[in-house]
Amino acid sequence: MVVTEGVADVTNGLIAIGAGLAVGLAGVGTGMAEKDIGAAAIGAITEDSSLFGRSMIFMVLPETVVIFGLVIAIMAIFVM
Amino acid sequence: MLLPESMSRIVVAGTKSRMEDAIDAFYSVGSLHVIDHTTGDDGLSIGSPTPSTSKASERLLKVRAMEKELGITNKTSTADVAVEDVRKQISAGDVESVEREVLEAVDARNDLTQKITELNARKQNLETLERLSLPLDLYSGYNSLAVLVGTTVADPTALSIEGAEVFADYRKKKGGVVAVFVRKESADNAAAALADYGFAEIQVPQGPKGLTPAEALKKVDADIAAATERLEAANTSLDALRSKHMSFLKGTDEELAIEVEKGSVPLRVAVSRYSYVMDAWVPTAKVDAVKAGLEQKLGDDVYVEFQETRGRKLADSEAAEPRFSKVPTRQKNGKIVSEFEYATSLVSIPRYQEIDPTVLIAIFLPLFFGYMVGDLGYAIPFIILGAYGLKKTRHKDWRSIALALFFGGIWAAIFGLFFYGEFLGMHFIGGHYDDVGAWHWHEDSVALGGTSVTWDWIFGQQFPEWFANMMPSFDHAAGTHHGVGKLVEVGFLLKLAVYIGIVHLAIGYLCGFYNHMIQENGRGAFFAKGGLIISFFGMIAFCYALTNAMMASGGADWGLLTDGGTTCVVFILSIILLAIGTGIGIKGEGAMGAIMALPEFLGQILSYTRLAAIAMSKAGMALAFNYICIGMILPTMAVIDAAGDTITVLDPTANIAFTIIGILLLAFLHLVIWTLAILSGGLHALRLQFVELMTRFFDGNGIAFSPLREIRKKTFFSSKNANIDTQEV
């Protein structure tokens, strides 16, 4: 934190909080979505192991959300 | 290479009397995928198994039961046996005689096991009764008395029942034991009183007069010891039987299984009174060879007729009779690519009418893996592990994993050396020469108190210039960087990942277009996938223009006129492409699908930024671990270098104990990163193939080409003549 003429510059801190929130909240959302799919997928694979590939496709679909969060976080820290 | 092998349908007809020879001939040509006959109104019915099948399956059951008893599994390694010997032994009734031998030993063992269980139960009862110290004969032999003996949960020592004598004992851990001697007419009252204590009756063993439980216990212990000894002997003899008959049983199992399978072929074939008719798929290239092979073996008793060579148009398959509509898929890949078929099969078997994605997986899976790992230090163990796996394992699934690791390792080495310039998360080069040829360390280098450990700093020696020139260089205000810093050139890595994604997705969309073209026609493909492809490129141009405009940060022209108007041109072009693409899409797939596709493009492309993200995550961990182990634990000292800067260097004269601790810790922590690299790198590389690439064009749900063929692992033909029988034509 840089203090110039008695005013604290919190820009970097705010960027870091923003980046953290972007990844963190997106991660929580993805986790909630994957939780149910994962449970169902494991059930299906136990019944028939040939379903592994197809289960995996459904399992990782919500992951895109956390990737969005990650991109925003990286852009916030490094690009902006 | 891309499409599965072309298939033709043939009909084989022959006389029923030579059915068994015919089945042998079908197996020997090894290329017939039988189409199951379904009873219809053509006057033909389904055949019945050959006469020897029922005996063979009965024997197979016996053999499998024996294998189970003796603990022989698929993993048990046994010597291979000659088919001729096995057949001779089977017909000589060896299965039955071995069964008698094995059953006798197994029965003996089971009897002993049961006896020991009974003796143990008796022992437990005696131990309980020992606490009451009454001789065993006193518990029985009364005319007017009933005796209730058993254990209780609650403490029974204070129990008193009218007209009865009670012996009781209670210990906190073992619970209570009680014996009640009561007149027969009051027995019900006593039982009711005992029920409150959680009474459970036990069997009192008989014994001669005056025999105490303690004495009886001694005898039971001796009996148990004797029985255990005999059980051990029985187990030893079973083990001996196991090693004696192991190879015979496994060989027989395989031979009988093949015999039963062959014998059931008539169940899939149509028969009339004197003849059989079989429909089968054969790879088009082998039709003539199959026909010649069958005619050579069966002479005039067989007739083979070519029916059709199935095209890739969906309409052809829909027009066919239901049982001929699905064509089996035989993937046509080279030796190396075919190892990756396992990855495709994890999703589904490709349809006959579509591109087999295996070759794309074989190219991109290791490439993405290598890009994400991107480190020479991690690559070398991957290459070694992959090569070792390929040498050791024959199992299809493991081979494909080993091959992916091997090629992934090679790509990781290439990226690590020529792109990132890294070994174990540490860059080779940590500084640069200035205009007058003096060496300066980067600002973040440990030499100047930063956190970035590099190899030239560890060695205290700069690498030659040609080595640095192999890697891409980046000009920063503080000097030139050699090699792509995963945590420095973040923008560049992200952009590169997006470009890789665009190429990968474009390949996927083009494959989809091609699939529709061969399944329908050019017009169908244009409406189904053409619009989507145009929209895809439109969306890319749109995002490109938008990002440029945003980065130019506004103004009256919204940043569109930066780059001398290029952005504006791209923007207009993107709108036109999007409009055309969506228009075609609406006509082809409906408004909903075409409009929903637009935001999806964005998600698909951004999904590839994980390539950069995972590379960064590993670099971040490695940075921390390297700084802890080398920068903080290893002893250092300050010196003044040639350029006159005060720098920190490793102190070679310091206590060696710290050096050893630092290196051991470093090795362990890098092992952690390396293991995580398999999981995250491997799984995400695979995911990009399965989800982003294959969903663009892959339908799956094909049926695998499974020809009639003997698969022998434990048995072999000892004579050369017989061997020809199993060769594929």
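A salt bridge here is a side-chain nitrogen of Lys or Arg within 4 Å of a carboxyl oxygen of Asp or Glu. Keep that cut-off at hand for the exercises below, which use a predicted model.

**Exercise 1. Work out which residues of E63(A) and R610(B) meet the salt-bridge rule, and place the pair in the interface.**

Step 1. Start with the distance: the closest N and O atoms of E63(A) and R610(B) are 2.6 Å apart. The cut-off is 4 Å, so this pair counts as a salt bridge.

Step 2. Now look across the whole interface of chain B and chain A, where the rule finds 2 salt bridges. Polar contacts, with both residues at pLDDT 80 or more, link 4 residue pairs between these chains.

**Exercise 2. Describe the side of chain B that touches chain A, going from its extent to its helices and residue types.**

Step 1. Count the residues: 21 of chain B are in contact with 17 of chain A.

Step 2. Turn to area. About 1700 Å² is buried between the two chains, and carbon and sulfur atoms give 78% of it. On the chain B side, the residues that lose the most area to chain A are L346(B), V347(B) and R687(B), which together make up 24% of what that side buries.

Step 3. Find the helices. Among the residues of chain B that touch chain A, at least two come from each of α10 (341–347), α16 (490–519), α19 (591–606), α20 (610–633) and α21 (656–693). The most come from α21(B), with 6 residues.

Step 4. Sort by type: this side of chain B has 13 nonpolar, 6 polar and 2 charged residues.

**Exercise 3. Decide whether N125(B) is buried or exposed, and find its partners.**

Step 1. Locate N125(B) in helix α4 (residues 94–130) of chain B.

Step 2. Check its relative accessible area, which is 18%. Buried means under 20%, so N125(B) is buried.

Step 3. List the contacts of N125(B) beyond four places in sequence: they are I202(B) and Q203(B). A polar atom of the N125(B) side chain lies 3.1 Å from the backbone oxygen of Q203(B).

**Exercise 4. Judge where the predictor is confident in chain B.**

Step 1. Take the overall values: chain B has a mean pLDDT of 88, and 97% of its residues reach 70 or more.

Step 2. Compare elements of chain B. Helix α11 (residues 358–373) has the highest mean pLDDT, 95, while helix α22 (residues 720–724) has the lowest, 47.

Step 3. Look at residues 721–729 of chain B, where pLDDT stays under 50.

Step 4. Finish with the complex, for which the predictor gives an ipTM of 0.79 and a pTM of 0.80.

Definitions and conventions
Residues numbered from 1 in each chain as written. Chains lettered and ligands numbered in written order. Heavy atoms only, no water. Helix = DSSP H or I, 4+ residues; strand = E, 2+ residues; numbered from the N terminus. Buried < 20%, exposed > 50% of the residue type's maximum accessible area, 1.4 Å probe, protein only. Polar contact = N/O pair within 3.5 Å; in protein donor to acceptor, adjacent residues only side chain to side chain. Contact = heavy atoms within 4.5 Å. Buried area = accessible area lost by both parts, 1.4 Å probe. Nonpolar A, V, L, I, M, F, W, Y, C, P; charged D, E, K, R; others polar. pLDDT = per-residue confidence, 0-100.
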